[in-house]
Amino acid sequence: MDTTLFTPYRLRSLTIPNRIWMAPMCQYSAAPDGDAAGAPTDWHLTHLAARASGGAGLILAEATAVSPEGRISPYDLGIWNDTQVAAFRRITSFLKTQGSVPGIQLAHAGRKASTERTWVDRGRPIAPDEPHGWTPVGPSALPFSPESTTPDELTEEGVRAIVQQFADAARRALAAGFQVAEIHGAHGYLIHEFLSPHGNHRTDGYGGSFEGRIRFALEVVDAVRAVWPEELPVFFRVSATDWLSENPNDDREGWTSEDTVRLAKEFQARGVDLMDISTGGIAPDARVESGPGYQVPFAESVRDATGMPVAAVGLITDPIQARDILAAGKADAVLLGRELLRDPYWPRRAAAELGGQVTTPVQYHRA
Ligand SMILES: Cc1cc2nc3c(=O)[nH]c(=O)nc-3n(C[C@H](O)[C@H](O)[C@H](O)COP(=O)(O)O)c2cc1C
């Protein structure tokens, strides 16, 4: 029986105790304003700690905004001030006591920003003149959906300021005790908006050609890598496809899996250690393909084409399925999202089923 799932994974000087990792998941549970805005709360501690006690080797905290305007909702986590750093430090310290590695996803939601929590009015846009609303920014003045506020098009100076915010956020994340920095370049967030011709209609050096559209992503990677220690890894989450160009029934031009492979090669040369391969999110009406492990082939193709480490995510729910993804060399680790919400002890369950081992709290040694 292949037990790769339960073996440690080393990236630079960091050892992650197993290959079952928690995917970043927004909780929309931070204060929207006041001194503690964007700071993690007891909810975040409980939510993340439960999965660490459950045995996940790496805990990726949710999309955490590099600036107030970078939050997708007013209730997002942020890492733009020292109050937030102190609150995160409590959580990262606890995760480490459970043997898990704490990671953070650094994010800017771009034109998708200023929306309600997903369970309130289905996450409707909050208009700039409503309480807690603001005007989002994007590569181009193109709204995400017909209901969304049209974003302000970023100037080149504005783009450079956000690159700096990513670097500042990474420095704070390190001070907060995180050991993995993941850059959120997927799901129609700002970096993805720049990458995709669907979101980026610019005619300056940050748009147009493939090289122009990836420039912002490369600058963010360079800025984060410059402040993130040599001995710790940087991940990049990408939407391998927008599901536009790759859908024969959709004539809109988008970001493709071939683009993703080209981008990964650029990142490889710039010190990105692992590609976290997701899909979708640039357009509300793109037809998304789904089903068990539906995104795994995209992870596999990046791994095959570049030799880079990759994590696969998306409807990975069954221990045998997870084991087989790794055994077949399709990915180096699996990220679980909703299945870990349903069962924080999934890693323990998988270990029992497959004959492996994960760290269990000493307090539970008789269970
Ligand atoms: C409640 C919830 C919140 C999410 N928030 C984020 C996020 O903050 N950042 C991100 O990159 N993906 C986010 N996702 C996507 C997940 O990380 C994951 O890629 C997706 O749910 C597919 O994996 P699954 O089928 O195991 O849930 C979220 C998903 C859910 C269900």
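A cavity is a set of points, on a 1 Å grid over the protein atoms alone, where a 1.4 Å probe fits but cannot get out, and its lining residues have an atom within 4 Å of a point. The model is predicted, with local features needing pLDDT of at least 70 and side-chain atom pairs counting only at pLDDT 80 or more, while totals for chains, interfaces and linings use all residues. Residues are numbered from 1 along each chain as its sequence is written, and side-chain values use heavy atoms, without hydrogens and water.

**Exercise 1.** Determine which residues line the second largest cavity, and how they divide by class.

Solution.
1. The volume of this cavity is about 30 Å³, a volume being the space filled by probe spheres set on the points, which are joined across faces, edges and corners.
2. Its lining consists of Pro17, Asn18, Gly55, Ala56, Gly57, Gln98, Gly99, Ser100, Val358 and Thr359.
3. Ala, Val, Leu, Ile, Met, Phe, Trp, Tyr, Cys and Pro count as nonpolar, Asp, Glu, Lys and Arg as charged, and the others, Gly among them, as polar.
4. The division is therefore 3 nonpolar, 7 polar and no charged.

**Exercise 2.** Identify the elements that give two or more residues to the lining of the largest cavity.

Solution.
1. The largest cavity has a volume of about 40 Å³.
2. Met22, Ala23, Met25, His44, His47, Leu48, Leu60, Ala61, Glu62 and Leu77 form its lining.
3. The elements sought are α1 (42-53) and β4 (58-65); helices (H or I, at least four residues) and strands (E, at least two) are DSSP runs, numbered from the N terminus.
4. By class, this lining holds 7 nonpolar, 2 polar and 1 charged residues.

**Exercise 3.** Establish whether β4 is largely enclosed or exposed, and which strands pair with β4.

Solution.
1. Of the 8 residues of β4, 8 are buried (under 20% relative accessible area, with a 1.4 Å probe and protein chains only), so β4 is largely enclosed by the rest of the structure.
2. Pairing requires at least two DSSP bridges between two strands.
3. Strand β3 (residues 20-22) pairs with β4 in the parallel sense over 2 bridges, and Met22 has Ile59 in β4 as its bridge partner.
4. Strand β6 (residues 101-107) is joined to β4 in the parallel sense by 7 bridges, with Thr64 opposite Leu106 in β6.
5. Strand β5 (residues 77-78) runs parallel to β4, joined by 2 bridges; Ala65 stands opposite Gly78 in β5.

Methods. 1 Å grid on protein atoms, 1.4 Å probe; cavity = no way out; pocket = protein on both sides within 12 Å on 5 of 7 lines; lining within 4 Å. Buried < 20%, exposed > 50% of the residue type's maximum accessible area, 1.4 Å probe, protein only.
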